[in-house]
Amino acid sequence: MILDIINKKRLGEELSYKELDYFFNGYLNGDIPDYQMSSLLMAICINGMTDEEIFSLTKIFIDSGDVLDFSDIPGIKVDKHSTGGIGDKTTLVIAPIVAACGVPVIKMSGRGLGYTGGTIDKLESIKGYRVDLSDEEIIKQVHDINIVVTGQTADLVPIDKVIYALRDVTATVSSIPLIASSIMSKKIAGGADKILIDIKVGNGALLQTEADALKLKELMIKIGEFYGKEVRCIISDMDTPLGFAVGNSLEVNEAIAVLKNQEKENNFVNLCYELASNMVSMGLEITLDEARKKVKNVLEDGSAYNKFVELVKYQGGDIDSIKVSEKSKNIKALKTGKISEINALEVGKLSLALGAGKISINDKIDYTVGVELKKLVGDSVKKGDVLATIYYNKSIPDYNVDDMFKIV
Ligand code: URA
């Protein structure tokens, strides 16, 4: 049976629900070894999956664990997911904005993966902030303050955990059907009424081309339709880091500056506006233009920032505790010209090597380190101008300015 299934997929044939269920649950239970699961994943990666297979796989993933139900909480619960990026701290900004606009926000976020940081790691740079709320605590908190941002509580989609770890080490992460079932199963099991997906494209993202992003978008919308859930997707650039900061405390500080309405327009601020407006439009069932006005208002009148302060306090965090390392070094421009590119992947690699993320499972994250860009794409610079500041504790890893910044 195992070899028949692998062979069938190798030949590009369609697998039935029963065959997929047997294989994936067999792997979860330890009956199918890594090498055979890897072989099937690679065959899926190469030959793709039919819509029917993707719907089956998504259901198998959802049914492998708990399914949360927040239907007692009034209002439409809109969840947002990003496929992962460098400097992506959008949740920290949009969750309070959306809650301040009156849409209940229950956000269960994850930790960093590879070069990309996770919202939960970022929040842990705030001393005392709890990311392990129980289901009861979540429900009470949403009733009290309309917002929760915590780690995953229940045992949601355990198959995804084991499959994702295997995909990570078998070059099968970028399979579009596998990404679609992985993300959509978690959002559906997490109890969302509507789902907004931020699909990243570029050198710092899982997907490298717009065409692949469009395929993923179409597929996630179809899975949403299958489950009766509205899904919207935004395709956003990940060739360039988002905003100025990459690294946990630095990113929280940048998110606070945006919430205080202190930041001018840039790629990060614009993306926050776009995502928050879509969530508000979905949650309140109003037009995107009406939602944009609400988002602007809560940023200008301080209620979005106040909601963030309320959230941090309620979850036990001390907002004054956010610390950035006192040791720093500037990266300077090697020539005069205009910045045409800031390579997201290179900045992500440097931040990871400084200790902002984990290279191996037992590493401890250093919340105080990272890279802060001082210039953005399109800025003119003179030789010797500061392009970025590195915040470090132990030592500064090797890096190449030309790999990070293209000046023309
Ligand atoms: N994010 C996920 O949760 N799963 C994927 O497969 C890719 C990105």
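Modeller: In this predicted model, a residue is called buried when its relative accessible area is under 20%.

Biologist: Is Ile60 buried or exposed?

Modeller: Ile60 lies in helix H4, residues 51-63. Its relative accessibility is 1%, and the limit for a buried residue is under 20%. Therefore Ile60 counts as buried.

Biologist: Which residues is Ile60 in contact with, leaving aside its neighbours within four places in sequence?

Modeller: Neighbours within four places in sequence are set aside here. The contacts of Ile60 that remain are Tyr17, Leu20, Asp21, Phe24, Asn25 and Ile159.

Biologist: How far apart in space are Ile60 and Val377, C-alpha to C-alpha?

Modeller: In sequence, 317 residues separate Ile60 and Val377. In space, the separation of Ile60 and Val377, C-alpha to C-alpha, is 43 Å.

Biologist: Is Asn248 buried or exposed?

Modeller: Asn248 is placed in helix H11, residues 248-259. Not counting residues up to four places away in sequence, Asn248 touches Asp121, Lys122, Ser125, Ala356, Ile365, Asp366, Tyr367 and Val369. Because its relative accessible area is 3%, Asn248 is buried.

Biologist: Is helix H1 roughly parallel or roughly antiparallel to helix H3?

Modeller: Two packed helices are described by the angle between their axes and the distance between the axes. For H1 (residues 2-10) and H3 (residues 34-47), the angle is about 20° and the axes are 8 Å apart. Angles under 35 degrees count as roughly parallel, so H1 is, with respect to H3, roughly parallel.

Biologist: How many of the residues in the contact of H1 with H3 are nonpolar?

Modeller: From H1, the residues Ile2, Leu3, Ile5, Ile6, Lys9 and Arg10 take part. They meet Gln36, Ser39, Leu40, Ala43, Ile44 and Asn47 in H3. The residues of this contact include 3 polar and 2 charged, and the number of nonpolar residues is 7.

Biologist: Which helix gives the most residues to the largest nonpolar core?

Modeller: The largest nonpolar core has 73 residues, and Ile97 and Phe405 have the most contacts inside it. With 9 residues, the helix that gives the most to this core is H12 (residues 267-284).

Biologist: How many residues does the second, separate core have?

Modeller: Among the residues of the second core are Ile2, Leu15, Leu40 and Leu156. Ile2 and Leu40 also take part in the contact of H1 with H3. The size of this second, separate core is 55 residues.

Methods
Residues numbered from 1 in each chain as written. Predicted model: local features only at pLDDT ≥ 70, side-chain atom pairs only at ≥ 80, totals over all residues. Heavy atoms only, no water. Axes fitted to C-alpha atoms, helices over the stretch in contact; angles between N-to-C directions. Helix = DSSP H or I, 4+ residues; strand = E, 2+ residues; numbered from the N terminus. Parallel < 35°, antiparallel > 145°, perpendicular 65-115°, else oblique. Contact = heavy atoms within 4.5 Å. Nonpolar A, V, L, I, M, F, W, Y, C, P; charged D, E, K, R; others polar. Core = buried A, V, L, I, M, F, W, Y, C linked by side-chain atoms within 4.5 Å. Buried < 20%, exposed > 50% of the residue type's maximum accessible area, 1.4 Å probe, protein only.
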